[in-house]
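Work through these short exercises with the coordinates open. Try each task before reading its solution.

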Amino acid sequence: MKHEWRKKEKSLYLPKSKPEIIEIPDMKYFTIRGEGNPNSEYFAAYIEILYSASYAIRMSHKKNIQPEGFYEYTVYPLEGFWDVNEKAKQTKDYQLDKNDLVFHLMIRQPDFVNSDYAEKMLTMVKSKSVNPLIDKVRFESISEGKCIQMLHIGSYDNEPESFLMMENFAEENGLKRISKVHKEIYLTDARKVEPENLKTVLRFQVEG
């Protein structure tokens, strides 16, 4: 039976539209880092190369090159950690300029994928892809630990409203946000969905 993350891992990917506390385990990802405005044309190339690598593994059984323990599954959604560059952090009374954004994009990989197999797949993708960003893709294990998350429905530009709810929730529960870095998990495709209908999981790490 195919592993469907929407059905099997609801706590990680389908939270309610109100803040909640969650413990995130270590998970494996294809990742890529970059900087700049996500509305720029170049940004799509970062997403494209992550999906190319992810689908190479997902479809590996069709070429009989699947790893040991392979099972069929739905490719996980695009995720990303977001921050601003150091210059922006040093600016007093800074107002967000999307050109200052720093991103760490990723797509989760199943547990049966190890580093050796991931590198094998990246080499294969590189031999067929004209996307130069393939050299920036990495295979990483990432631990987020204790977090607060919620489902944000609507435009990305309205996310501060949800983050305020999350920060108030943290304070009410004796928790402190570790940094302004946050994660977004994209459940809908911004190219196909109107801004008011976008669904994005928002998450940040806490301590306390």
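The model is predicted.

**Exercise 1. Classify Y71 by its relative accessibility, then find its aromatic partner.**

Solution.
- Step 1. Y71 has a relative accessibility of 32%. Buried means under 20% and exposed means over 50%, so Y71 counts as partly exposed.
- Step 2. Look at the rings of Y71 and F112. Their centres are 4.9 Å apart, with 90° between the planes. Planes over 60 degrees apart count as edge-to-face, so this aromatic pair is edge-to-face.
- Step 3. Place both residues. Y71 lies in the loop between α3 and β3 (78–84), and F112 in the loop between β4 and α5. The pair therefore ties together parts that are 41 residues apart in sequence.
- Step 4. Check the partner. F112 has a relative accessible area of 11%, so F112 is buried.

**Exercise 2. Test whether the length of helix α5 agrees with its residue count, and describe its faces.**

Solution.
- Step 1. Helix α5 covers residues 115–128, which is 14 residues. The expected span is 1.5 Å times one less than the number of residues.
- Step 2. That gives 20 Å for α5. The end C-alpha atoms are 20 Å apart, so the two agree.
- Step 3. List the buried residues of α5: Y117, A118, M121, L122 and V125. Seen down the axis of α5, they fall within an arc of 140°, so they line one face of the helix.
- Step 4. Recall the helix geometry. An α-helix has 3.6 residues a turn, so residues three or four places apart point the same way.
- Step 5. Turn to the other side of α5. D116, T123 and S127 are exposed there.
- Step 6. Find what the buried face meets. The buried residues of α5 pack against β2 (27–35), α3 (43–58) and β5 (138–142).
- Step 7. Inspect the start of α5. A side-chain oxygen of N114 comes within 3.2 Å of the backbone nitrogen of D116.

**Exercise 3. Is Q109 buried or exposed, and what does its side chain contact?**

Solution.
- Step 1. Locate the residue. Q109 is in strand β4 (residues 101–109).
- Step 2. Its relative accessibility is 1%, so Q109 counts as buried.
- Step 3. Look for a polar partner. The side chains of Q109 and S54 make a polar contact at 3.0 Å.
- Step 4. List the neighbours, leaving out residues up to four places away in sequence. Q109 touches K28, Y29, F30, S54, I57, Y73 and F139.

**Exercise 4. How many aromatic pairs does the structure hold, and how do F43 and F103 meet?**

Solution.
- Step 1. The structure holds 16 aromatic pairs.
- Step 2. The ring centres of F43 and F103 are 5.1 Å apart and the planes stand at 90°, so the pair is edge-to-face.
- Step 3. F43 is in helix α3 and F103 in strand β4. The pair links distant parts of the chain, 60 residues apart.
- Step 4. Both F43 and F103 are buried.
- Step 5. Widen the view. F43 and F103 form one aromatic cluster with Y42, Y46 and W82.

**Exercise 5. Find where charged R58 and R177 sit relative to aromatic rings.**

Solution.
- Step 1. The charged end of R58 sits over the ring of Y73, 5.5 Å from its centre.
- Step 2. R177 lies over the face of F163, at 5.3 Å from the ring centre.

**Exercise 6. Classify S52, then relate it to V125.**

Solution.
- Step 1. S52 is in helix α3.
- Step 2. Its relative accessible area is 30%, so S52 is partly exposed.
- Step 3. S52 and V125 are 73 residues apart along the chain, yet their C-alpha atoms are separated by 7.1 Å.

Technical notes: Residues are numbered from 1 along each chain as its sequence is written. This is a predicted model: local features need pLDDT of at least 70, side-chain atom pairs count only at pLDDT 80 or more; totals for chains, interfaces and linings use all residues. Side-chain values use heavy atoms; hydrogens and water are left out. Helices (H or I, at least four residues) and strands (E, at least two) are DSSP runs, numbered from the N terminus. Buried means under 20% relative accessible area, exposed over 50%, partly exposed in between (1.4 Å probe, protein chains only). The arc is that of the directions from the helix axis to the C-beta atoms. Contact means heavy atoms within 4.5 Å. A polar contact is a pair of N or O atoms within 3.5 Å; within protein, one must be able to donate a hydrogen and the other to accept it, and residues adjacent in sequence count only if both atoms are side-chain atoms. Rings of Phe, Tyr and Trp (its six-membered ring) pair if their centres lie within 6.5 Å; planes under 30 degrees apart count as stacked, over 60 as edge-to-face and the rest as tilted. A charge sits over a ring if NZ of Lys or CZ of Arg is within 6 Å of the ring centre and within 35 degrees of the ring normal.
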